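Reader: I've got a model open and I'd like to learn how to read it, starting with what sits inside. Can you walk me through it?

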Amino acid sequence: MSSTIEKALQRQREAQKKKAELEAQQAASASSESPAVSEEEVISTTQPAAKSKPAPSGKSSTLEPFELDIQRLEENGHISINGVRKQINEEYREIKRKLINNAFGKLSSTLKNSNIIMVTSGRPSEGKTFTACNLAMSIAAEQDKTVLLVDADVLKPNVLNTLGLQRREGLMEYLTGEVDDISDVLYPTNLDKLKIIPAGRSHHLTTELLASEKMAETVNEFANRYPDRIVIFDTPPLIGITETAILANLAGQAVVVVEEGKSKLNDVRHAVERLNPDMAIGFVVNKSVNNDPEGTGYYGYYYAERENP
């Protein structure tokens, strides 16, 4: 009985061997007739093919860049980044230099998140978004700095409109979990050193979302991940808006935009009272009328830091 089983097993092994040899010959014949393929395309006959991993989603490198129309921006009164010498360029150079010194100089050790700068105003329509956009573009011209512009005015977002860009998903979609990672809404631009995070869609829980641990962790990552990065938050006006006071606790510097001839002194004082007293607070006087040597008037932008009491 055992001899019969052994003979049967032997015949089975011989049949399997012949079958394997035949399959190998057929595979060799097929490969000689087919176009050549690379080693990566050959699938082993003894191991199952590895499942291909899907391309990682949400990486900033895969997002379509924002294309800023530089000429249009210049015609609308923004700074020039094409080497044209304009008065506004010089004024924003002076403003950004003080902010950069605060972010990376001696004062930085006394500030929490010194490279996080919020740009705000006491009331609407004083020019804060215009100022934030110009600061971002001016800093992007630095040789050793990068800049991230975040539209945190989630109630009335205006960064994309000011720059002539179409609406996309942004900060709110990230905070609500509609997108998985902040890189899903961190868009490159045609300016190499400038990236933008739009505000995204308005949400009825904006206050709670901005006050969330997720938001705090995100800002801390912005502050510490890249040592050469300045982050500019365009925030809502300070008076009457809860969200701005929340964001003030996350930033190390504040730029309060004041429109000459319009902003009231009491509003400015009230606005400053709503800021974190440990911040470096400065003021940009917007639309101030000055006279150049030829006697013609132009609008100017001036920066002054708050004096410590």
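Reader: Where do I begin with the nonpolar core, and which residues have the most contacts inside the largest one?

Author: Start with the general idea: in soluble globular proteins, nonpolar side chains tend to be buried together. Bear in mind that what you have here is a predicted model. Its largest nonpolar core has 78 residues, and those with the most contacts inside it are L68, L149, L194, I232 and F233. Helix α4, residues 128-140, gives the most to this core, with eight residues.

Reader: Let me zoom in on L194. What does L194 touch?

Author: Skipping anything up to four places away in sequence, L194 touches L68, A136, M137, A140, V147, L149, P188 and T189. Two names there are worth holding on to for the strands: V147 stands opposite L194 in β4, and L149 stands opposite I232 in β5.

Reader: OK, so strands next. How many bridges join β2 to β4, and how many pair β2 with β5?

Author: Look at each pairing on its own. β2 and β5 (residues 229-234) pair in the parallel sense over six bridges. β2 and β4 also run parallel, joined by four bridges. As for how covered β2 is, five of the six residues in this strand (residues 146-151) are buried.

Reader: Now charges. How many salt bridges does the structure hold?

Author: The idea first: side chains of opposite charge can pair when their charged atoms come close. The structure holds 13 salt bridges. Try R93 and E90, whose side chains meet at 2.5 Å, N to O. Both lie in helix α3 (residues 87-104), three residues apart, about one turn of the helix.

Reader: Is that pair buried or exposed?

Author: In between: R93 is partly exposed at 38% relative accessible area, and E90 is partly exposed too, at 29%.

Reader: Which other pair sits about one turn apart in a helix?

Author: E221 and R225, four residues apart in helix α8 (residues 213-225). Their closest N and O atoms are 2.9 Å apart in a salt bridge. E221 counts as partly exposed at 35% relative accessibility, while R225 counts as exposed because its 52% is over the 50% cut-off.

Reader: And which salt bridge links distant parts of the chain?

Author: Go to R201 and E173, which form a salt bridge with the closest N and O atoms 3.5 Å apart. R201 is in the loop between β4 (194-197) and α7 (206-210), E173 is in helix α6 (residues 171-175), and they are 28 residues apart. Check the accessibility of each end: R201 is partly exposed at 41%, but E173 is buried at 1%.

Reader: Last one, a polar residue. Where is N113, and is it buried or exposed?

Author: N113 is found in the loop between α3 and β1 (116-121). N113 counts as buried because its relative accessibility of 11% is under the 20% cut-off.

Reader: So what does the side chain of N113 reach?

Author: The side chain of N113 reaches the backbone oxygen of L250 at 2.9 Å. A polar contact of 3.4 Å also joins the side chains of N113 and N220. If you leave aside neighbours within four places in sequence, N113 is in contact with V219, N220, A223, L250, A251 and G252.

Definitions and conventions. Residues numbered from 1 in each chain as written. Predicted model: local features only at pLDDT ≥ 70, side-chain atom pairs only at ≥ 80, totals over all residues. Heavy atoms only, no water. Core = buried A, V, L, I, M, F, W, Y, C linked by side-chain atoms within 4.5 Å. Buried < 20%, exposed > 50% of the residue type's maximum accessible area, 1.4 Å probe, protein only. Contact = heavy atoms within 4.5 Å. Salt bridge = Lys/Arg side-chain N within 4 Å of Asp/Glu carboxyl O. Polar contact = N/O pair within 3.5 Å; in protein donor to acceptor, adjacent residues only side chain to side chain. Pairing = 2+ DSSP bridges.
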